[in-house]
Structures are given as C-alpha cells and as structure tokens.
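Trainee: I should be grateful for a close look at a single part of this structure, namely its aromatic pairs. Please explain them step by step.

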Amino acid sequence: MARGNAVSISLYYSAKRQRPLSEKERQAVDALMEKYSVDDQIEHRNQTGEGPNWESFSFYTPSFEYPDTILEGATKPPDNSEDAFWAGILHLCAALSELRRLLHDADWAVHLDDHDIHWDEEQQAYDPSV
C-alpha cells in the first residue's frame with residue numbers, strides 16, 4: 001500500500017553539546033552527507049518519473065536561539081510505496097548512525113514524527129524496527 005502524498009511523515013534529528021562543531025568535524029559531516037546523497041536518484045525520478053520520491057538529507061541553518069544545538073534537521077522519506085518508505089528510513093538511519101558515531105559526545109534525538117527511533121548501543125546504530 002502506497003503512503004501517497006496525503007500523509008507527510010518526516011524523520012527529525014538533532015545533536016546537542018556545549019561545544020560547536022570543529023572545522024574537521026564539519027568536513028567529516030559534509031563527507032558523510034555526500035556519501036549518503038540521493039541526488040542522483042532524485043534527478044533520475046525528475047527526468048523519468050520512476051523510482052522513489054526521495055528528499056535530500058539536510059540540516060537547518062544553525063539557530064542562535066539554541067547555541068548548544070550543533071546539528072538539526074528533518075527529511076521526508078520516500079512515500080510512493082511501502083518498500084520505498086522502508087528503504088528510505090533504513091538509508092536515513094544508516095546516515096544518522098554514522099553521524100552519531102562521528103559526534104559521539106553529543107546528545108542525540110531522532111524520531112519519525114512522534115515515534116522515537118531507538119539507538120542500539122550494542123550495534124552502535126539507529127534501529128527503526130523497535
């Protein structure tokens with residue numbers, strides 16, 4: 001069953017700590033975002049109308065209102081089929097897992113609308129199935 005565009009579900013994520021990102025961390029975050037980019041798949045869908053309706057992984061512009069927030073954003077997973085939705089969630093959780101391992105000293109929050117995504121300490125990964 002396709003989710004369709006009538007229901008808009010987003011994955012929200014944030015990382016907080018007292019110290020801002022260093023230049024080295026910022027470069028590592030950018031490299032991870034490049035690694036997990038789906039821009040080629042977005043372009044393919046734009047040209048052909050085929051494939052998942054991805055949205056690019058992104059972060060909000062830093063807010064001066066919350067100086068301890070070092071990363072924050074939201075992304076809509078593909079919703080044009082159940083399989084695309086689940087593949088999107090797994091892909092986004094893999095990216096966020098790598099980010100959390102990179103920025104391990106930050107306090108993280110990841111949730112799919114009002115459902116928290118569980119961090120598995122043993123696997124060192126977000127597990128959306130819990």
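**The aromatic pairs and their surroundings**

Mentor: The structure, which is a predicted model, holds 4 aromatic pairs. One of them is formed by Tyr 13 and Phe 57, whose rings are stacked, with 4.9 Å from centre to centre and 5° between the planes. This pair links distant parts of the chain, for its members are 44 residues apart. Tyr 13 belongs to strand 1, whereas Phe 57 lies in the loop between helix 2 (39–48) and strand 2.

Phe 57 also pairs with Phe 59, this time edge-to-face: the centres are 5.5 Å apart and the planes meet at 85°. Tyr 13, Phe 57 and Phe 59 thus form one aromatic cluster.

Let us next consider burial. Tyr 13 and Phe 57 are both buried. Phe 57 counts as buried because its relative accessibility is 16%, and the limit for that class is under 20%. Phe 59, with a relative accessible area of 27%, is partly exposed.

Phe 57 has a further role in the picture. The largest nonpolar core has 27 residues, and Phe 57 is among those with the most contacts inside it, as are Leu 11, Leu 96, Leu 99, Trp 108 and Tyr 126. Elements that give two or more residues to this core include strand 1 (11–16), helix 1 (23–35) and strand 3 (107–112). Helix 3 provides the largest share, 7 residues. Leu 11, for its part, touches several residues distant in sequence, among them Leu 92, Leu 96, Val 110 and Ile 117.

Terms used:
Residues are numbered from 1 along each chain as its sequence is written. This is a predicted model: local features need pLDDT of at least 70, side-chain atom pairs count only at pLDDT 80 or more; totals for chains, interfaces and linings use all residues. Side-chain values use heavy atoms; hydrogens and water are left out. A nonpolar core is a set of buried Ala, Val, Leu, Ile, Met, Phe, Trp, Tyr and Cys residues joined through side-chain atoms within 4.5 Å. Buried means under 20% relative accessible area, exposed over 50%, partly exposed in between (1.4 Å probe, protein chains only). Helices (H or I, at least four residues) and strands (E, at least two) are DSSP runs, numbered from the N terminus. Contact means heavy atoms within 4.5 Å. Rings of Phe, Tyr and Trp (its six-membered ring) pair if their centres lie within 6.5 Å; planes under 30 degrees apart count as stacked, over 60 as edge-to-face and the rest as tilted. Lists of a residue's contacts leave out its neighbours within four places in sequence.
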